[in-house]
Amino acid sequence: TVKRLFSTSHSSVDSKEMKKFQLLAHKWWDEEGEYSALHSMNDIRVPFIRDTLLNMSSNYHLGNPLSGVKILDVGCGGGLLSEPLGRLGASVTGIDPLEDNIRTADQHKSFDPVLAKRIQYKSSSLEEIVEESMETFDVIVASEVVEHVADLEMFIRCCSQVLKPEGSLFITTINKTQLSYILGIVVAEKILGIVPEGTHEWEKFVTPEELERLLESNGFSVKTVNGMLYNPFWGLWSWMESTSINYAVHAVKSGAQGQSSPTDALSEMESEQHSATAGTAV
Amino acid sequence: LGHDIHFHDKKIALLEAGPRKEYDRMPDSYSNRVSSISPGSATLLSSFGAWDHVCSLRLKPFRRMQVWDACSEAMIVFEKDDLDDMGYIVENDVIMSALTKQLDAVADRVEVFYRSRAVRYTWPLPSHSCDTSPWVQIELADGRRLQTKLLIGADGHNSVVRKEAEIKNIEHRYDQSAVVATLHLSEATDNNVAWQRFLPTGPIALLPLSDTASSLVWSTSHEHASELLAMDEESFVDSINSAFWSNVNHTDFIDTAGAMFRSAISLLKPSGTAVRQLPPSIAKVDPESRAMFPLGMGHAIEYVQHRVALIGDAAHRVHPLAGQGVNLGFGDIACLAHHLSAAAFNGSDLGSLRHLLKFETERQRHNVSLIAATDVLKRLYSTRLAPLVLLRTWGLQATNALPPVKVRI
């Protein structure tokens, strides 16, 4: 569908942003390339999503931890996050407004017979699927997306509409601080080239307080906010107390009663892997 | 891996060149191929239920290890103060049978192709391109084709996987062959000690199999090895006994120097010299049990590549003098399984270098020092030259007297 490229006021998609990603559409799966920081972010964001969901549920199988969970990956890009979630057993729908991204993602998953069935990609914006997907998903993941979005409040409202009651929303994004300007833009883009230049605009970064406010006022209850840190020397991500640069949020859509409970942000986050893996260590 | 819970949904294929080996009862005679299994390896085997099968077939635990020099009186004894076993002597066939039983238990996840051989490997291109599959393609001799996300090469020191992946290997052939045989002792004894004597031609070791039988591993020159195989059984037994008992290589100089050092140590540390036990004498050798194979050292420059990992002798090969070869391989397995399990629980692509490199770093750090040390020991003990004999005599005596160093070993 072509209309998304022209609509602005009724869409959360920013066309300028899309042009930036167009150029890199085929670079997604080079683990050492432009997107290497996103590849290595999987090492903390996948366990974060996995463990949060496991903690909330009582019957699961460690060999297939996300089996039966329907996940929407908004702004899935080349499918970097959809694939691991699919491997863990979830049924993933990945949407991205850029057709080239979806093409790359579709092609990459096609070689794996298991993933090909578990993941479906669609070239679409979030608003476009709202009507057909009301309250369909158990989980929405919007990782490194909200800093590229034109209308954040509408984005969150759409998330709420396609999410089942008590469903989870996971967001990772960049804070709007002096530090994030220096590290996230000057150093990351211009000096070290961790992120392709021009990818981010500091003006569009969102502070955790603002994000929380928007979430809470749209029917979500924020459960966890945690800071993330990228070490460019080793190419590794880790959790940290301060949210001044990157951070992750877990929020839950209120149940049918429509009440939103007060924020109880937990600052401790379990970043260790689930203890079952210790069984194979000698 | 087949028993790992995070691998519940995965499919594993095992290509085995040999036939299926499973025993319910071991034959009366012992096989001449045995391994010294460390407690750590035993723990690995029990983590997926294989050790129980080994115990129910047969094995021999040993409590003590005595190592001494042919050129001097120097000796070192390893033993555990508590009643734990130091290690176990197990026939290779027993281990194979135990593994086969446990493989059967996960047959829905692990498919074993017996008597199979891979004839061609097709590697994925490093940068992901459109049409070709990003997985490793394997063609078998019988024409079947397999594709996989991760190929693990466990095919020995002449690894085809390693060669096809163009991973460079540092290798060196020792001028030695090992002679193995199954021996019968002159008289029944507790036989819970492993003996090793360093002769100038190479170390000779006696590993206990039962109260009346032991396994021989004698590393020596190629010519001597061939002679040993060719001679009649009586002469063979005589050679072994004299190798362990004769003092022909002693010189007065070394003996005196050694004795002086020992007195010095006993002044400083009264309990520093241990009691020398005498190895058992051999009565006869099992016919047909004599065999020999050449020895060498090898180490692959890389253990991993995109979608490939090497373990065991494919990655590293050592001299049998330390009895560590198979244990290094088991250590590789434990480490790789740990990293793969974690990767599976993270939903990662199993062939991704990110976690394979962690395995490589961990194991190379551990293996390189042990391989180098084994090589140095082999060279140090291959000579009669007085200065080096003195060095190793004093070194051995000192090490024997120092508990912290011995514990580390």
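Strands are taken here as DSSP runs of E of at least two residues, and helices as DSSP runs of H or I of at least four residues, both numbered from the N terminus. With these labels in hand, the loop between S12 and strand S13 (193-199) of chain B can be located, and Asn191(B) is found in that loop. The model described here is a predicted one.

Asn191(B) is a convenient way into chain B. Its relative accessible area is 6%, so Asn191(B) is buried, the limit for this class being under 20%. The side chain of Asn191(B) makes a polar contact with the side chain of Ser214(B), at 3.2 Å. From this contact the description can pass to strand S15 of chain B, which covers residues 213-221.

Strand S15(B) is largely enclosed by the rest of the structure, because nine of its nine residues are buried. Two strands of chain B may be considered as its partners in turn. Strand S12 of chain B (residues 169-185) is joined to S15(B) by nine bridges, and the two run antiparallel. Within this pairing, Ser177(B) has Thr220(B) of S15(B) as its bridge partner. Strand S14 of chain B (residues 202-208) also runs antiparallel to S15(B), with five bridges between them. Here Leu206(B) is matched with Leu216(B) of S15(B) as its bridge partner. The connection from S14(B) to S15(B) is a hairpin, made through four residues. As a general point on such elements, the side chains of a regular strand alternate between the two faces of the sheet.

The UniProt record helps to place this part of chain B. An unreviewed entry there gives the feature "domain: FAD-binding" at residues 143-253 and 281-366 of chain B. In the model, residues 281-366 of chain B are 41% helix and 24% strand, and the end C-alpha atoms of the span lie 37 Å apart. Helix H8 of chain B (residues 325-345) holds Asp332(B). Asp332(B) has a relative accessible area of 0% and is therefore buried. Its side chain makes a polar contact with the side chain of Asn367(B), at 3.3 Å.

Attention can now move to chain A and its strand S4, residues 137-143. Six of the seven residues of S4(A) are buried, so this strand is largely enclosed by the rest of the structure. Strand S1 of chain A (residues 70-74) runs parallel to S4(A), and three bridges join the two. In this pairing, Leu72(A) has Ile140(A) of S4(A) as its bridge partner. S4(A) also pairs in the parallel sense with strand S5 of chain A (residues 163-174), over six bridges. Across that pairing, Ser143(A) stands opposite Thr172(A) of S5(A).

The backbone of chain A offers two residues for comment. Most residues other than glycine have a negative phi. Glu144(A), which is not a glycine, has a positive phi of about 55 degrees. Glu144(A) lies in the loop between S4 and helix H7 (152-162) of chain A. With a relative accessibility of 14%, Glu144(A) counts as buried. Glu166(A), also a residue other than glycine, has a positive phi near 65 degrees. Glu166(A) is found in strand S5 of chain A. At 52% relative accessibility, Glu166(A) counts as exposed, a class that requires over 50%.

Enclosed space was examined last. Rolling a probe the size of a water molecule over the atoms shows where empty space is left. Two cavities of 30 Å³ or more were counted in the model. The largest cavity has a volume of about 50 Å³. Its lining draws on both chains: Leu62(A), Gly63(A), Pro65(A), Arg87(A) and Leu88(A) contribute from chain A, and His6(B), Asp9(B), Lys10(B), Ala344(B) and Phe345(B) from chain B. By class, five of these lining residues are nonpolar, two are polar and three are charged.

The second largest cavity holds about 30 Å³ of space. It is lined by residues of chain B, namely Gln176(B), Phe198(B), Gly202(B), Pro203(B), Leu321(B), Lys378(B), Tyr381(B) and Ser382(B). This lining divides into four nonpolar residues, three polar residues and one charged residue.

Methods: Residues numbered from 1 in each chain as written. Chains lettered and ligands numbered in written order. Predicted model: local features only at pLDDT ≥ 70, side-chain atom pairs only at ≥ 80, totals over all residues. Heavy atoms only, no water. Buried < 20%, exposed > 50% of the residue type's maximum accessible area, 1.4 Å probe, protein only. Pairing = 2+ DSSP bridges. 1 Å grid on protein atoms, 1.4 Å probe; cavity = no way out; pocket = protein on both sides within 12 Å on 5 of 7 lines; lining within 4 Å. Points joined across faces, edges and corners; volume = space filled by probe spheres on them. Nonpolar A, V, L, I, M, F, W, Y, C, P; charged D, E, K, R; others polar. UniProt positions renumbered as here; feature names shortened; annotations may be inferred. Polar contact = N/O pair within 3.5 Å; in protein donor to acceptor, adjacent residues only side chain to side chain.
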